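Me: I have a structure open and would like to learn how to read its features. Could you take me through a few?

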Amino acid sequence: MKISNDKIISNEKIANDTYKMVLQPETIPIILPGQFVNIKVDGNMLRRPISVASVDQNTYTIIYKVVGVGTKKLSKLSKGHILDIMGPLGSSFPIHETLDEVLLIGGGVGVPPLYEVAKQYRQQGIEVYVVLGFNDKDAIFYEDDFKQLGCKVYTSTMDGSYGIKGTVMDCIKEHNITCDTVYSCGPLRMLEAVDKNYKKGYLSFEARMACGIGACMGCVCKDKEDKEMYYRICKEGPVFEIGKVEIVC
Amino acid sequence: MLEIKLPGLDLKNPIIPASGCFGFGREYAELYDLSVLGGIAIKSATLEKRYGNPTPRIAETPEGMLNAIGLQNPGVDAIIANELPWLATFDTQIIANVAGASEEEYIEVIKRLNANETVKAYELNISCPNVKHGGIGLGTDPTLAANITRMAKEVATKPVYVKLSPNVSNIVEIAKAVEAAGADGLVLINTLLGMRFDLHTGKPILANLTGGLSGPAIKPIALRMVYQVYKEVKIPIIGVGGICSAEDVLEFLYAGASAVQVGMYNFVDPYICPKIIEDLPKTLKKYGIKNIQEAIGRSHHE
């Protein structure tokens with residue numbers, strides 16, 4: 001982890017309220033799939049934790065949704081602007097070399113960290129099923145990007161305006177996808193459903209954070225079995241093995 | 001130039017990360033050598049392990065934040081076994097923040113910490129707004145505040161600083177009561193009680209409903225309270241509330257603080273404490289101050 005001044009290479013709207021920002025640090029650190037960066041926004045106190053979607057030669061990409069004043073300000077920044085960024089932070093999605101196929105399940109703005117996972121598995125020639133869930137047609141992004149990696153992509157929308165109508169679980173059922181190793185990130189209710197239906201794989205959680213480095217205890221969650229045991233989403237997480245964390249919706 | 005001696009504390013500089021904003025220092029030790037710090041006020045210790053409040057525990061506010069952690073900590077015995085031996089490897093003064101749900105719990109925590117040589121002083125937390133019992137309940141009533149201070153002083157083998165709540169109508173009255181009960185020093189101030197609401201659900205953002213406001217937003221209130229209390233007590237004051245620069249430190253010293261604690265700004269810039277320590281000599285020089293001692297209470301001098 002370090003704090004660096006990263007230059008905005010591009011910052012564009014890719015779906016409803018959803019932006020893609022490419023950043024160039026002075027030197028590109030090792031960023032593992034699923035890790036996040038913590039971004040200082042001028043005029044706001046707390047940093048904004050945002051997961052990294054893709055790591056490239058000397059840049060990395062984040063995708064964020066405008067949900068409040070901080071992300072609104074981020075969306076207005078233009079090319080060349082320098083951002084004060086802390087990272088990379090948190091745990092990552094482990095990439096295994098012995099699997100035949102993996103299933104990535106992403107919901108809304110939880111989709112981005114799965115892109116780097118897909119990239120790394122496709123580089124190994126492993127079959128990657130991608131199930132994406134969005135609220136409606138206008139919220140969809142990265143469907144083509146996953147396809148370009150050679151993933152098998154299935155999309156659902158809650159209102160049925162595109163793809164299968166319903167949740168990601170409905171979509172998996174409809175297409176009869178049987179792969180049993182999952183990587184998932186998205187809304188808590190979606191993670192709860194994935195946690196209930198799968199035994200193998202990883203979930204990535206979102207939380208309101210203050211320090212982002214494990215000091216403040218702002219973003220803790222409990223162990224599913226041992227109620228005395230807790231984890232910090234920013235430090236032991238955001239990625240946890242399926243079945244490890246108690247999910248409270 | 002920066003050194004200051006306070007009861008039990010031999011500070012090489014007046015900068016101390018505030019309790020609850022620095023854990024037990026482990027995360028920050030990955031970033032810099034903790035030995036640069038004057039001291040560290042470690043995370044509150046209670047008798048038993050505490051998980052704390054449900055989440056969300058954090059909400060941003062203009063120039064600050066609300067927190068409702070609820071004194072999450074591994075319990076005093078685990079702190080003695082796992083955290084203090086590690087903290088002892090650094091050349092800095094450790095202040096143990098003590099909390100409890102009852103007077104008896106505070107006393108038991110102090111008894112267990114008494115034998116530990118790493119802890120140089122106690123900070124009695126009678127001002128946490130996020131726990132239902134103890135905490136702020138003791139800190140808003142002069143009689144109760146004095147009583148817990150007296151009980152702590154009876155058993156403590158190290159100096160006792162009392163961290164006061166700003167959520168009172170008369171801070172001076174509480175400060176004087178605590179001083180009369182034997183406190184060796186005061187820490188001013190803990191967080192202010194606040195709320196925020198979610199625009200979609202209409203409900204409070206924090207699961208605990210209310211939380212403690214900290215950050216630059218509370219700095220003028222902290223300065224005012226340090227100033228008012230300094231006039232009325234003889235024991236030293238450690239100032240805390242929204243400090244994020246060497247200039248802020250100087251303001252607190254002028255108001256009457258002998259040292260300061262840095263709280264939420266550690267979250268914004270994890271290097272803020274070493275930065276302030278580096279800037280402080282230049283800043284003192286800029287305003288014609290020869291040493292910390294000269295700045296303490298300057299606003300009150302003729």
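Reply: Happily; let's begin with the core. In soluble globular proteins, nonpolar side chains tend to be buried together. Here the largest nonpolar core (buried Ala, Val, Leu, Ile, Met, Phe, Trp, Tyr and Cys residues joined through C-beta atoms within 7 Å) has 181 residues, and Leu104(A), Leu186(B), Leu188(B), Val226(B) and Val260(B) touch the most other members. Helix H7 (residues 219-232) of chain B gives the largest share, 7 residues; helices are DSSP runs (H or I) of at least four residues, and strands (E) of at least two, numbered from the N terminus. This is a predicted model, where local features need pLDDT of at least 70, side-chain atom pairs count only at pLDDT 80 or more, and totals for chains, interfaces and linings use all residues. Residues are numbered from 1 along each chain as written, with chains lettered from A and ligands numbered from 1 in written order.

Me: Is Val131(A) buried or exposed?

Reply: Val131(A), in strand S8 (residues 127-134) of chain A, is buried because 30 other C-beta atoms lie within 10 Å (20 or more means buried, 12 or fewer exposed, in between partly exposed; C-beta atoms are placed from the backbone).

Me: How do I describe the packing of H5(B) and H6(B)?

Reply: Two packed helices are described by the angle between their axes and the distance between the axes. Helix H5 (residues 142-155) and helix H6 (residues 171-180) of chain B pack at about 30 degrees, axes 8 Å apart (axes are lines fitted to C-alpha atoms over the stretch in contact, with angles from 0 to 180 degrees between N-to-C directions). H5(B) and H6(B) are therefore roughly parallel (under 35 degrees; over 145 is roughly antiparallel, 65 to 115 roughly perpendicular, the rest oblique).
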